[in-house]
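Trainee: I would like a close look at one part of this model. Please take me through it in one go.

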Amino acid sequence: MSLLDRMSRLIRANLNDLLRRAEDPEKVLRQALEDMKSAYRSAKSEVAGVMAEVRGMQREAAGYLEMETVWRDKAKRALAEGQEELAREALKRARQARALADDLNAQAQEQEQITARLRQRLAALEAKITEARAQLKQLSARQKSVQAAESVRRVSANLEAHPAAEAFAEMAERVAQMEDRHQALLELDGEDELASQLEALADPAVEAELEELKRELEASS
């Protein structure tokens with residue numbers, strides 16, 4: 001099992017544990033993002049190690065190829081000097097060097113294929129991390145909006161049930177009653193004034209009778 005597979009299982013285990021404990025959604029997402037970033041760093045380090053190993057194999061293979069050239073040159077010189085047995089031994093060593101180089105190059109090629117697959121998975125994991133960051137921002141904003149709305153709802157409900165709300169309603173009713181009383185008094189005051197004005201008006205019949213009484217008194221005197 002590769003490191004990426006192990007880290008993937010660990011991430012799922014951590015998320016399942018958080019979800020079972022009904023953690024804050026934002027906390028769950030942030031933990032998931034941190035786990036993904038940790039997995040990416042570890043996988044990147046592993047891929048870098050494999051790449052370094054491939055380069056080491058290639059460098060070692062190149063060294064064996066140089067040794068092959070050296071031994072073949074020695075075989076030529078030995079054969080030119082009539083030392084056939086030395087030439088034969090030099091060729092054997094040249095072939096051994098070539099075999100080691102071929103084996104290392106084959107291993108390096110196989111490791112390069114593994115590295116290519118790992119790098120593809122790394123790129124996919126990096127894309128997921130970028131997507132997760134964006135989703136975290138969106139979901140965090142949505143969660144904050146819901147929390148704010150819930151806070152407003154609770155405050156509104158508390159205010160409606162608060163004694164202060166009842167006091168305001170009672171005072172409003174009292175002020176309305178005071179206004180009604182004041183209006184009634186104004187209307188009564190208006191009626192009294194009208195009555196006074198009516199009383200102040202002279203009755204012609206009464207005035208005529210009063211004048212007649214005055215004349216009778218004057219005549220009798």
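Trainee: Which ring does the charged end of Lys74 sit over, and how far is it from the ring's centre? After that, please follow the contacts between H2 and helix H3.

Mentor: The ring belongs to Trp71. The charged end of Lys74 sits over it, 4.5 Å from the centre. Note that this is a predicted model. Aromatic pairs are another matter: the count is zero, taking ring centres within 6.5 Å as the test.

Now the frame. The protein chain has five helices and zero strands. From the N terminus on, the order reads α-α-α-α-α. H2 covers residues 25-80, and helix H3 covers 84-161.

Start with Gln58, which is in helix H2. Its relative accessibility is 31%, so Gln58 counts as partly exposed. Leaving out residues up to four places away in sequence, Gln58 touches Ala108 and Glu112. With Glu112 there is also a polar contact: the two side chains are joined at 3.0 Å. Asp102 gives a sense of the spacing. It is 44 residues from Gln58 in sequence, yet the C-alpha atoms are 10.0 Å apart.

Next, Gln111 in helix H3. At 18% relative accessibility, Gln111 falls under the 20% limit and therefore counts as buried. Its contacts, beyond four places in sequence, are Val50, Glu53, Val54 and Met57.

Thr115 is also in helix H3. Its relative accessible area is 6%, so Thr115 is buried. Setting aside neighbours within four places in sequence, Thr115 is in contact with Val47, Val50, Met51 and Val54. Val50 and Val54 thus appear for Gln111 and again for Thr115.

Then go to Leu136, again in helix H3. With a relative accessible area of 7%, Leu136 is buried. Outside the four-place window, Leu136 is in contact with Glu26, Leu29, Arg30 and Leu33. Val28 lies 108 residues away along the chain, but its C-alpha atom is separated from that of Leu136 by 9.9 Å.

Leu136 also belongs to the largest nonpolar core. That core has 12 residues in all: Leu33, Met36, Ala39, Tyr40, Ala43, Val47, Leu118, Leu122, Leu125, Ile129, Ala132 and Leu136. H2 and helix H3 each supply at least two of its residues. There is a second, separate core of seven residues, and among them are Val50, Val54, Met57 and Ala108. In soluble globular proteins, nonpolar side chains tend to be buried together.

The cores tie back to the contacts. Gln111 touches Val50, Val54 and Met57, which are members of the second core. Gln58 touches Ala108, another member of that core. Thr115 is in contact with Val47, which sits in the largest core, and with Val50 and Val54 from the second core. Leu136 is in contact with Leu33, a fellow member of the largest core.

Last, the whole chain. Of its 221 residues, 19% count as buried. The exposed area is about 16,800 Å², and carbon and sulfur atoms supply 54% of it. Take the contacts between residues at least 6 apart in sequence: 78% of these join residues at least 24 apart. Gln58 with Glu112 and Leu136 with Glu26 are contacts to look up in the model.

Definitions and conventions
Residues numbered from 1 in each chain as written. Predicted model: local features only at pLDDT ≥ 70, side-chain atom pairs only at ≥ 80, totals over all residues. Heavy atoms only, no water. Phe/Tyr/Trp six-rings, centres within 6.5 Å; stacked < 30°, edge-to-face > 60°. Lys NZ or Arg CZ within 6 Å of the ring centre and 35° of its normal. Helix = DSSP H or I, 4+ residues; strand = E, 2+ residues; numbered from the N terminus. Buried < 20%, exposed > 50% of the residue type's maximum accessible area, 1.4 Å probe, protein only. Contact = heavy atoms within 4.5 Å. Polar contact = N/O pair within 3.5 Å; in protein donor to acceptor, adjacent residues only side chain to side chain. Core = buried A, V, L, I, M, F, W, Y, C linked by side-chain atoms within 4.5 Å. Areas by Shrake-Rupley, 256 points an atom, 1.4 Å probe, with all protein chains shown as cover.
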